[in-house]
Amino acid sequence: MKYVTYHGPDGARVGYLDGDTVLDAGFDGDMVAFIEAGAPAAGGTAVPGARLLAPLRPRTLRDFLTFEGHLKNAFAGLGKEIPDEWYRVPAYYKGLPDTVIGPDEDIPWPSYTDKLDHELELAAVIGKPGKDIAPADAAGHIFGYTLWNDMSARDTQTRELPVGMGPGKAKDWDGSNVLGPCIVTPDEIDAADTRLRVRINGVEWGGDTTAAMHFTFADLIAYASQDLTLRPGEVLGSGTATGGSGLELDRWLRPGDLIEMEADGIGVLRNRVGPRPAR
């Protein structure tokens with residue numbers, strides 16, 4: 001099943017896809033409440049002219065770094081090596097749920113950056129609460145998967161990282177996180193070997209398969225849930241796929257560029273870069 005949040009005649013509603021047709025799920029609540037309720041789809045009414053929104057407003061956003069190829073590419077230009085700790089600890093940072101936008105929305109260009117970059121990721125959405133979840137049990141806590149374009153202000157990031165506190169303003173502005181176009185249930189996707197691609201203005205810039213992840217989603221869930229309850233609607237990102245960012249290629253976005261991220265089984269997350277504000 002592919003679940004969506006859409007804007008229709010009655011405002012934002014939960015639905016699901018039948019091909020390209022949006023069907024209403026017959027649920028009076030948002031996606032997180034729908035997940036908590038066990039996804040009780042009881043509708044089926046087609047919604048003409050439905051416009052897809054971000055599939056959910058996450059309870060939390062956690063982003064990991066699981067693709068060794070991305071780190072090797074990103075660090076090469078900096079003369080850095082991957083620290084030994086990366087191979088042992090699936091560390092993450094947290095993003096702001098209120099920054100999330102959805103498919104076909106323009107991505108705002110923050111006023112304080114000259115180097116705007118995209119980041120291609122697969123993300124898992126928690127569906128069942130749990131604490132101290134064993135890797136072998138993690139699959140039972142996943143509601144589904146979606147695409148995540150984790151935007152970055154790279155020049156700002158370069159200034160922030162030496163402080164040692166992780167990304168801050170490099171990741172945080174209204175519209176800096178893009179999710180969508182849907183949440184696909186685990187039975188329709190092989191999250192252990194899903195092909196990810198990113199195109200800019202129709203030209204493929206890079207991509208990888210999740211088979212290259214050093215840590216699995218089960219590892220991420222197990223690590224994050226140590227002495228902490230994960231709850232429905234929380235989102236955990238894979239980190240950038242190899243070749244999934246302009247940083248790795250020294251190629252940078254421009255106003256008006258069309259970003260298309262694609263994952264087998266999910267579809268295409270499409271957004272255009274907005275204008276640079278005057279300084």
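This passage describes the overall build of the chain and the salt bridges within it.

The structure is a predicted model, in which local features need pLDDT of at least 70 and side-chain atom pairs count only at pLDDT 80 or more, while totals for chains, interfaces and linings use all residues. Residues are numbered from 1 along each chain as its sequence is written, and side-chain values use heavy atoms, with hydrogens and water left out.

The chain holds four helices and 20 strands (DSSP runs numbered from the N terminus, helices being H or I of at least four residues and strands E of at least two). With a radius of gyration of 18 Å, close to the 19 Å that the globule rule gives for 279 residues, the chain is as compact as a globular protein of that length (C-alpha atoms are used, and the rule is 2.2 Å times the number of residues to the power 0.38). The C-alpha trace spans about 55 × 45 × 30 Å along its principal axes. Of the 279 residues, 53% are buried (under 20% relative accessible area, with exposed meaning over 50% and partly exposed in between; 1.4 Å probe, protein chains only). Among contacts (heavy atoms within 4.5 Å) with a separation of 6 or more, 73% join residues 24 or more positions apart.

Turning to charge pairs, side chains of opposite charge can pair when their charged atoms come close. A salt bridge is taken here as a side-chain nitrogen of Lys or Arg within 4 Å of a carboxyl oxygen of Asp or Glu, and the count by this rule is 16.

One of these joins R57 to D98, with the closest N and O atoms 2.7 Å apart. R57 sits in the loop between β5 (51-52) and β6 (61-64) and D98 in the loop between β7 (92-95) and β8 (100-101), so this pair ties together parts 41 residues apart in sequence. R57 is partly exposed at 48% relative accessible area, and D98 is exposed at 58%.

A buried setting is found for D150 and K171, at 1% and 4% relative accessibility. Their side chains form a salt bridge at 2.8 Å, N to O. D150 belongs to strand β12 (residues 142-150) and K171 to the loop between α3 (154-160) and β14 (177-184), so the bridge connects parts that are 21 residues apart in sequence. Both residues also take part in a network of salt bridges that links D117, E119, D150, R154 and K171.

R199 and E260 meet in a salt bridge at 3.5 Å, N to O. This pair links strand β15 (residues 195-200) with strand β19 (residues 258-263), 61 residues apart, and both R199 and E260 are buried.
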